[in-house]
Amino acid sequence: NVTRGQFAKIASNSAGFNEPPGAQQYEDVPVGSTFFDFVWRLSDRGYINGYPCGEAGEPCGPSNLPYFRPNANVTRSQLSKIDANAAGFNETPGAQQYEDVLPGSTFYDFIWRLTSRRYINGYPCGGVGEPCGPSNLPYFRPNANVTRGQIAKIDSNAAGYNDTPGVQQYEDVLLGSTFYDF
């Protein structure tokens, strides 16, 4: 799984964002912390946001800054929002593509935009807890955590990278495997 902080770095770098950061935006992402610059760049553009202070374990500080939760896992729906926005995809979405992502839901537009480009896809209906509806739509699993391999594939596609892969670079990513050329 990939954390929200790690993903902020990957998405910001994939999009080519590199301007100097400004003031602290989140209570749990202080200036100088590992992911500060990347979180700041995405947040400044409105591509990510946080959670209001005052929740259990997240007290309000003097500035009442929200919390980003950089160590929480990033979900498929969060990835879709950030990547679609960072890539500048903004067309009007069309018909429902997934059984579990309804039109008008929070992440519908972003998921639709990445799916329409075939940058992300779902899982066939008929599995445990995922019955087939009248249209046999697949399931997206919007709250599922994202893996490093999935992020490599989706971010490289959304950023327009299409280089021909070279030699194997990682022991656990074999030539010809699903994520090798991403």
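**Figure 1. Overall fold of the predicted chain.** The secondary structure of the protein chain comes to 5 helices and 0 strands, where helices (H or I, at least four residues) and strands (E, at least two) are DSSP runs numbered from the N terminus. Read from the N terminus on, the elements follow the order α-α-α-α-α. This is a predicted model, in which local features need pLDDT of at least 70 and side-chain atom pairs count only at pLDDT 80 or more, while totals for chains, interfaces and linings use all residues. Residues are numbered from 1 along each chain as its sequence is written, and side-chain values use heavy atoms, with hydrogens and water left out. Of the 182 residues in the protein chain, 40% are buried; buried means under 20% relative accessible area, exposed means over 50%, and partly exposed lies in between (1.4 Å probe, protein chains only). Among contacts (heavy atoms within 4.5 Å) between residues at least 6 apart in sequence, 62% join residues at least 24 apart.

**Figure 2. Close-up of the crossing of helix 3 and helix 4.** The axes of helix 3 and helix 4 (residues 108-116) come within 8 Å and cross at roughly 70°, the axes being lines fitted to C-alpha atoms, for helices over the stretch in contact, with angles running from 0 to 180 degrees between N-to-C directions. That crossing makes helix 3 roughly perpendicular to helix 4, since angles of 65 to 115 degrees count as roughly perpendicular, those under 35 as roughly parallel, those over 145 as roughly antiparallel and the rest as oblique. Helix 3 contributes Ser 77, Leu 79, Ser 80, Lys 81, Asp 83, Ala 84 and Asn 85 to the contact, and helix 4 contributes Phe 110, Ile 111 and Leu 114. By class, this contact has 5 nonpolar, 3 polar and 2 charged residues, where Ala, Val, Leu, Ile, Met, Phe, Trp, Tyr, Cys and Pro count as nonpolar, Asp, Glu, Lys and Arg as charged, and the others, Gly among them, as polar. Asn 85 of helix 3 is buried, with a relative accessible area of 16%, and, leaving aside its neighbours within four places in sequence, Asn 85 is in contact with Tyr 47 and Phe 110.

**Figure 3. Close-up of helix 4 and helix 5 within the structure.** In helix 4, 7 of the 9 residues are buried, so this helix is largely enclosed by the rest of the structure; the buried residues are Tyr 108, Phe 110, Ile 111, Trp 112, Arg 113, Leu 114 and Thr 115. What covers them includes helix 3 and helix 5. After helix 4 comes Arg 118, whose phi is positive, near 65°. Helix 5 (residues 148-158) has 8 of its 11 residues buried, so helix 5 too is largely enclosed by the rest of the structure. The buried residues of helix 5 are Gly 149, Gln 150, Ile 151, Ile 154, Asp 155, Ser 156, Asn 157 and Ala 158, and they pack against helix 1, helix 3 and helix 4. Helix 5 is followed by Gly 160, with a positive phi near 85°.

**Figure 4. Close-up of the second largest pocket.** About 200 Å³ of space lies in this pocket. On a 1 Å grid over the protein atoms alone, a pocket is an open set of points with protein on both sides within 12 Å along at least five of seven lines, whereas a cavity is a set of points where a 1.4 Å probe fits but cannot get out, and lining residues have an atom within 4 Å of a point. Grid points are joined across faces, edges and corners, and a volume is the space filled by probe spheres set on the points. The second largest pocket is lined by 15 residues, of which Arg 4, Ile 48, Asn 49, Gln 78 and Ile 82 lie nearest its centre. The elements that give two or more residues to this lining are helix 1 (4-15) and helix 3 (76-86), and the lining residues divide into 9 nonpolar, 4 polar and 2 charged. Gln 78, which lies in helix 3, is buried, with a relative accessible area of 14%; leaving aside its neighbours within four places in sequence, Gln 78 is in contact with Arg 4, Tyr 51, Asn 73 and Phe 107.

**Figure 5. Close-up of the loop between helix 2 and helix 3.** Glu 58 lies in the loop between helix 2 (36-44) and helix 3 and, at 10% relative accessibility, counts as buried. Not counting residues up to four places away in sequence, Glu 58 touches Pro 52, Cys 53, Tyr 67 and Arg 69. Glu 58 and Arg 69 are 11 residues apart in sequence and 9.6 Å apart in space, C-alpha to C-alpha. Arg 69, in the loop between helix 2 and helix 3, is partly exposed, with a relative accessible area of 28%, and its phi is near 60°, a positive value in a residue other than glycine. Asn 64 is also found in the loop between helix 2 and helix 3, and phi of Asn 64 is positive, near 55°.
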